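Please look over the model shown here before reading on. The points below deal with the ligand site and then with the strands.

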Amino acid sequence: MAVKAIDTDVLVIGGGGAGLRASIEARRQGVEVLLASKTLAGLASCSIFSGGAFTAAFGTMTKENHFRTTITTGKLINDQGLVEVLVDEAVSRLLELREFGVKLSIGDGSCRVVDCSFPMQGAGLIHPLVKYARSIGVKMLENTMITDLLSNGTANGAVGFNVLSGERVAIGAKAVVLATGGASQIYRRNDNPVRMTGDGYVMAYELGLPLIDMEFVQCLPTGTAEPGYPMFMLLIPLAILELGVLQNIKGEDIVRKHGLNPKLVYSTHRDVWTNTIAKEIYEGRGEGDTILLNLAKLPESLQKHPFIQSLSELLKGFPLLEKPVHVTPLAHTFIGGIQINENCETALPGLFAAGEATGGVHGANRVGGSALTECVVFGARSGKCAAEKAKTTPKKTVDERQVEQKLERVDEVVGREASSMGSPELVRSRIQEIMWGKAGVIRSQQSLIEAKEALTQLREERLPRVYGKKPHEAMEALEATNLLLVASLVVEAALTRTESRGVHYRIDYPDPDDKNWLQHIMLTKKFEGIGVETRPVKITKLSPS
Ligand SMILES: Cc1cc2nc3c(=O)[nH]c(=O)nc-3n(C[C@H](O)[C@H](O)[C@H](O)COP(=O)(O)OP(=O)(O)OC[C@H]3O[C@@H](n4cnc5c(N)ncnc54)[C@H](O)[C@@H]3O)c2cc1C
């Protein structure tokens, strides 16, 4: 099939908050920018489905507090150099969003976008950024799945295909920014859009670049798990949480039973809440893999609360005030990812990365509202640094043989016969079952080894058959393939970390072990499989007490 050749100075892969912010900044430096996105720019991203809340040193929160909170919440596994950048630049980068048409309301220690409602509050960020990016001349390559990066010792472009027409593309670029988001779709219970399949992790890994902290996947403690209804994160308001509405199957109030602090549930203590709820379920006091949100005794004064109204919209027809709703932790954000330095450089010259595709900022547990702040701060940095790199890099020719070879991955899935064994949908759901059952919130050596074996079996039996005849199906096939690799990476890192820390909860090693584990786990592709190394965390300011 003919391949369309495209040239640009900076190629940004990903149309969420990080990719859009990177594109705008690169363009403002005066270079040509092309933004590639699997869907229309901004859609099907976590950013658009987000709550639109950012944490930063507004009001009484000082930069020092912000730094300390990020590190203590991250259980000291954060790269402190990256956190210094986050904290230093957050306020100015957030206020600058107003120049791009984003409307913000500023609170104490946070700000949020206004005028957008659940479940797409992030639209208040994403729609203005898309509009602004277009207005300053960022070119969009939409509905295009990038499948591989091109490199000749430095990053010089990428290949992919249009998921509607099937047309293949080869993009030559002087610098590339990966902003492909996370991969919470490896889990059966998750609140991410379906396209969040860790494609960027796979592209970086395949080039031999290190991934950091992949064992840390943050779950939100409460999400809908009512059969027949969609999964959504639930941010249950304090006034309702305090009423003892979260119950196990014995009707016990989980919050009171474990002395959980409702004020911290969605900010710094997501790990504690999630792990506690998961343990209730693990010890047999759940219903299946859920607990109950029992609103039967909700006082009349709270029955019209906006949360209750949104919930009845989401669970249309469900008798909310009469019957308990099944709720459970949901996979929410990847904390680990591609390793970067303060300038968003990866280990491959010319390749930059930002947003949820990267690791290191949040450590072992993320502060609520800090992922979007990260996107804005590091998105801008990656765009600026990529543009600077592009300005000093002569135009590079794309190696046609490399293009052809990289696109074989697409041709292969298109060329395969359809079979139930190779159905991308079935492969994805099998990965999700394995991961949620054996490598979800609660992990152990045994469950992780079982996960590894089940994934290996899937790889051997199903992967060679995964097919996708039509362009859209080819995308799903490649996504299933990517999910399988990402799942294996998470399992490998989780097996290696023989302690519990933040969102990584090993029931066989229930305590943190600072003596041995103030370390990052780094994964790289080796000839024999996944290479695992450890590296001490970078401490610039805050040492373990
Ligand atoms: C329901 C929900 C609510 C949240 N609320 C908040 C909040 O209020 N505050 C906060 O700080 N964080 C929140 N988060 C987390 C935060 O939204 C994400 O971490 C952040 O938006 C990630 O932004 P990103 O740009 O890195 O990735 P995304 O916004 O996920 O964008 C990734 C982009 O990459 C594209 N892409 C992926 N692979 C490819 C490929 N192969 N080729 C081309 N394009 C590709 C996708 O199509 C998408 O456009 C929330 C997350 C969820 C799921």
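Which helices and strands each supply at least two residues of the shell around the ligand?

1. The helices are α1 (17–28), α2 (46–49), α6 (199–206) and α11 (370–391), and the strands are β7 (144–151) and β14 (325–334). Helices (H or I, at least four residues) and strands (E, at least two) are DSSP runs, numbered from the N terminus. With 4 residues, α11 gives the most to this shell.

2. This is a predicted model, in which local features need pLDDT of at least 70 and side-chain atom pairs count only at pLDDT 80 or more, while totals for chains, interfaces and linings use all residues. Residues are numbered from 1 along each chain as its sequence is written, and side-chain values use heavy atoms, with hydrogens and water left out.

3. There are 39 residues around the ligand (a heavy atom within 4 Å of it). S47, A53, D199, E356 and L372 come nearest. By class the shell has 15 nonpolar, 19 polar and 5 charged residues. Here Ala, Val, Leu, Ile, Met, Phe, Trp, Tyr, Cys and Pro count as nonpolar, Asp, Glu, Lys and Arg as charged, and the others, Gly among them, as polar.

4. Backbone atoms make polar contacts with the ligand (pairs of N or O atoms within 3.5 Å). A polar backbone atom of L372 is 2.7 Å from an oxygen atom of the ligand. For A18, the distance from a polar backbone atom to a ligand oxygen is 2.9 Å. A backbone N or O atom of G51 lies 2.9 Å from a nitrogen atom of the ligand. On its own the ligand has 1000 Å² of accessible area (Shrake-Rupley method, 1.4 Å probe), and the protein covers 97% of that area.

5. Strand β1 (residues 3–13) pairs in the parallel sense with β9 (residues 168–178) over 10 bridges; two strands pair if DSSP finds at least two bridges between them. I13 has L178 of β9 as its bridge partner. β1 also pairs in the parallel sense with β2 (residues 33–36), over 4 bridges, and L11 stands opposite L34 in β2.

6. An open sheet of 4 strands has the order β11-β14-β13-β12, with antiparallel pairing. Its edge strands, β11 (217–224) and β12 (246–247), each pair on one side only. Helix α9 (residues 270–285) packs on the sheet, touching β11, β12, β13 and β14 (contact: heavy atoms within 4.5 Å). The direction of α9 makes about 65° with that of β11, using lines fitted to C-alpha atoms, for helices over the stretch in contact, with angles from 0 to 180 degrees between N-to-C directions.

How values were computed. Polar contact = N/O pair within 3.5 Å; in protein donor to acceptor, adjacent residues only side chain to side chain.
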